[in-house]
Every structure is written in structure tokens, then in C-alpha cells.
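Thank you all for coming. I would like to take you through one structure this morning, beginning at its surface and then moving inside.

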Amino acid sequence: MILRLGYTLRHKDSFANNDETKEDIISNLPDSLLIDILSLLFLSEVKQTRIVSKRWKNLFAFLPNLYFVMKSYEQVKETRVLVDQTLAIRGDIPIEKLLLKCEKKCDYDCFYDLLCTLVRFKAGVRELELSVLWDLGDRHEVKFSWDLFKAWDSLVGLTLDCGFILDVYNDDELIFPCLKKISLICIGYASEESVVNLISSCPVLEELYVERAWFDDWLEVFNISSLSLKRLRISFIHLRSRDYKVVIDAPKLECIFINDHLTNH
């Protein structure tokens, strides 16, 4: 085995001939192939490869999918710096999927700064997944900054998970021209109009997944109106109240699945 640090690991029998040399196959591989190999590994394993050599240190930035998981309150600021550095190294190569996940209570100002750093990446992201943990006493406290993404037309898939409030105002300039798939998982809703405004900003939306679970999300009527929507899935899990309505106006709808655990029990 050949390491980029210049050391050679050989079977003990090979020491019989000190003049024997072996070709450093891994070092001769092009960056594109190394990136393909790294994309098959777990994230923890990919991060370990950064210490192999200077060449390997920056390969992480060129992976098609990037995952940033913040396990503590302090890591939000550290992650913002890391995201900024990663995007600077990546240059004009678009990101296929980007995950930003905060496993502890997140400070909104820090998360907003993180989103600001992200939208400055002109090459764009095709799939964006944002996840913020919430607890029983303080949930749904992060508002997704829609105004930041007005000029970001690369988005194809969007997932908001847990500690978010969907607060979308009516704005003719707010449009996601390529957004085809939206997942709203256990989030809160500032108003009924927020759902309407979001969907109306997605002229090519094809798939919508909504999960309403555990606690009231402050929305009685879920109004879905789309000329392009083809697949719709809604799950109602352990809501406190059964007084909810779903209004659907989607002439191109091909598949609909509604899972109501309240009535099933």
C-alpha cells in the first residue's frame, strides 16, 4: 500500500530486496476518479482522508453531495467558516445535494449567516435539505429566509425539517423556476397564505410531501393549488386536534396518499 505522505507499507517478505520499488497507483489517479471513490464512503471516513496529504485535504470540497452536521451550539459558527472555505475551493462546480443539520438548539442569527454564506455560491445547489432540532419547550423558531433565494434559480429539491416556521409573503419577485420537489416535515406555519405563496412561487412543482406530527402546527386549512403538481403525500401523525382541512386544486395530480393515524386508531 502506498501513502501520499511518501511512506510505503510492504509485506515483510518484500524487505528481502531493498531495491524493490512499487508504483504508487493511488497517487497517480486523477482527482476526478479519487472524488468518485470518496463519494462511495461514509462522511466520517471522507473526513479522515483529509489528513493523508495536502492533495487530499481539499478533495472533500468537490464531492457531488456535501453534508454539514452541527452537533453543538458552538459548531454553527464553525460550520459557517467551513462552508465558506469549501465553496471558495469548489469554485464554479454546482452542488448536487447539500445538507445543513443542527442537532442542538440553533441560534437563528448564526443560521441566517450560514444561509447568507450559502446563497453567495453562484454555481448553485440542486437539492437543499435544512434540518434544525426542536424540543418540547421551544419549537419552530427558525424562519426560512426566502428573500435570500430570489436570485437562486438552480434549486430542484427543497426539504425543511422540524424547527422551521414557514413564513412566505406574497412577492411577485419570489420564484423558484426549477423547483420540482418540496418536503415539509414537522414544521410550523405562520399562516395559511404561507403555503399558498410558496406553491405559487414554484411553476414546475411536481411532488409535495407534508408531514404534520406530534404538536399543533398552527394551521387549520392546508390549501394546495398548483397547475403542475403530480404527486402529493400528506401524513397526519398524533395531532392534538382532528379539526383540520385539506383543500386541493391540482388538475394534473396523478397520485395522492393521505395517512391519517388518528382515524386509523
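**A surface patch, and the cores**

Ile 248, Ile 256 and Ile 258 together make a nonpolar surface patch with about 240 Å² of accessible area; patches here take residues with over 30% relative accessible area and no salt bridge, nonpolar side chains (Val, Leu, Ile, Met, Phe, Trp, Tyr) being joined within 5 Å, where a salt bridge is a side-chain nitrogen of Lys or Arg within 4 Å of a carboxyl oxygen of Asp or Glu, and accessible areas come from the Shrake-Rupley method with a 1.4 Å probe. Please keep in mind that this is a predicted model, in which local features need pLDDT of at least 70 and side-chain atom pairs count only at pLDDT 80 or more, while totals for chains, interfaces and linings use all residues. Residues are numbered from 1 along each chain as its sequence is written, and side-chain values use heavy atoms, without hydrogens and water.

Ile 258 belongs to strand β13, residues 255–260 (strands are DSSP runs of E, at least two residues, and helices runs of H or I, at least four, numbered from the N terminus), and its relative accessible area of 44% makes it partly exposed, that is, between buried (under 20%) and exposed (over 50%).

Inside, the largest nonpolar core (buried Ala, Val, Leu, Ile, Met, Phe, Trp, Tyr and Cys joined through side-chain atoms within 4.5 Å) has 64 residues, of which Leu 128, Phe 144, Trp 146, Leu 160 and Leu 166 touch the most other members. Helix α5, residues 108–119, gives this core its largest share, 6 residues. Apart from it lies another core of 5 residues, including Ile 185 and Tyr 209.

Overall, 42% of the chain's 265 residues are buried.

Terms used. Patches are made of residues with over 30% relative accessible area and no salt bridge: like charges are joined within 9 Å, nonpolar side chains (Val, Leu, Ile, Met, Phe, Trp, Tyr) within 5 Å. Buried means under 20% relative accessible area, exposed over 50%, partly exposed in between (1.4 Å probe, protein chains only).
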